[in-house]
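Let's take a walk through this structure together, one spot at a time. Keep the picture open beside the text as you read.

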Amino acid sequence: MPLFVALICVALALGRTAGALAAVEMAAYAGARTASLARQAADAEAAATAAVTRTLADQGYACRGGPQVTVDTRGFAEPVGTPASVTVRVSCRVSYADLGPLELGDRVVSAEFVSPLDVYRGRG
């Protein structure tokens, strides 16, 4: 019986990890896409962070300690007419504390998405 309970707990942990990874990937996509629509780097960072938080909340997922969002806005410094992009990285701590006696601890899942900036649109 203890082996069966341990197996169930491990299966639940794997499912939780897969669900968290899917949520974080979708949040990274939404953050990068939203950031690429901004005209200035500061606006892109704020928009990406808001989009990541909103996407995770819409999916009913809450990261332990909140999501860690990193936005690479170096592409906004490129002159108009030059191909550039914005990258959003999202990391999220998944907790397994409620999965029984195995004490699986926490795990960090992360995802990154790159979205191109419009070549012909002004950047600041």
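Start with Ser 115 and look at what surrounds it: leaving aside neighbours within four places in sequence, Ser 115 is in contact with Ala 32, Arg 33, Ser 36, Ser 85 and Val 86. One of these partners does a bit extra, as the side chains of Ser 115 and Ser 36 are joined by a polar contact of 3.3 Å. Ser 115 itself sits in strand β3. Is Ser 115 buried or exposed? With a relative accessibility of 5%, Ser 115 counts as buried.

Keep in mind that what you're looking at is a predicted model. How confident was the predictor? The mean pLDDT of the protein chain is 89, and 95% of its residues reach 70 or more. Going element by element, β1 has the highest mean pLDDT, at 97, while α1 has the lowest, at 87.

Now for the inside. In soluble globular proteins, nonpolar side chains tend to be buried together. Here, the largest nonpolar core has 27 residues, and the ones with the most contacts inside it are Leu 56, Tyr 61 and Val 88. Which elements supply at least two residues each to this core? They are α1 (2–36), α2 (41–58), β2 (85–95) and β3 (106–116). Of these, α1 gives the most, with 8 residues.

Let's pick out Val 88, which you'll find in strand β2. Its relative accessibility is 0%, so Val 88 counts as buried. The list of residues that Val 88 touches, setting aside those within four places in sequence, includes Ala 28, Gly 31 and Ala 32, then Ala 48 and Val 52, then Val 69, Thr 70 and Val 71, and also Ala 111, Glu 112 and Phe 113. Take Ala 111 from that list: it is 23 residues from Val 88 in sequence, yet the C-alpha atoms of the two are 8.3 Å apart in space.

Leu 56 is another good place to stop. Apart from neighbours within four places in sequence, Leu 56 is in contact with Ala 23, Val 24, Ala 27, Tyr 61, Cys 63 and Pro 67. Next to Leu 56 in the numbering comes Thr 55, which lies in helix α2. Thr 55 is buried too, with a relative accessible area of 13%. Not counting residues up to four places away, Thr 55 touches Met 26, Ala 27 and Ala 30.

One of the partners of Leu 56 was Ala 23, so let's hop over there, with α1 as our next stop. Ala 23 is buried, with a relative accessible area of 2%. Beyond its neighbours within four places in sequence, Ala 23 is in contact with Leu 56, Gln 59 and Tyr 61. Follow the chain from Ala 23 to Leu 37, a step of 14 residues, and the two C-alpha atoms are separated by 22 Å. Also in helix α1 is Gly 19, and here the picture is not one of burial: Gly 19 is partly exposed, with a relative accessible area of 37%.

Another partner of Leu 56 was Cys 63, and that brings us to the disulfide. The structure holds 1 of these: Cys 63 and Cys 92 form it, with their sulfur atoms 1.9 Å apart. What does this pair link? It connects distant parts of the chain, with Cys 63 in the loop between α2 and β1 (68–72) and Cys 92 in strand β2, 29 residues apart. The torsion about the S-S bond of Cys 63 and Cys 92 is about -120 degrees, so the disulfide is left-handed. Cys 63 is buried, with a relative accessible area of 11%, and Cys 92 counts as buried at 1%.

Our last stop is a pair of rings. A search of the whole structure finds 1 aromatic pair. Tyr 29 and Phe 113 have ring centres 4.9 Å apart and planes at 85 degrees, so the pair is edge-to-face. Since Tyr 29 lies in helix α1 and Phe 113 in strand β3, the pair ties together parts that are 84 residues apart in sequence. Tyr 29 counts as partly exposed, at 39% relative accessibility, and Phe 113 counts as partly exposed at 30%.

Conventions:
Residues numbered from 1 in each chain as written. Predicted model: local features only at pLDDT ≥ 70, side-chain atom pairs only at ≥ 80, totals over all residues. Heavy atoms only, no water. Core = buried A, V, L, I, M, F, W, Y, C linked by side-chain atoms within 4.5 Å. Buried < 20%, exposed > 50% of the residue type's maximum accessible area, 1.4 Å probe, protein only. Helix = DSSP H or I, 4+ residues; strand = E, 2+ residues; numbered from the N terminus. Contact = heavy atoms within 4.5 Å. Disulfide = S-S within 2.5 Å. Polar contact = N/O pair within 3.5 Å; in protein donor to acceptor, adjacent residues only side chain to side chain. Phe/Tyr/Trp six-rings, centres within 6.5 Å; stacked < 30°, edge-to-face > 60°. pLDDT = per-residue confidence, 0-100.
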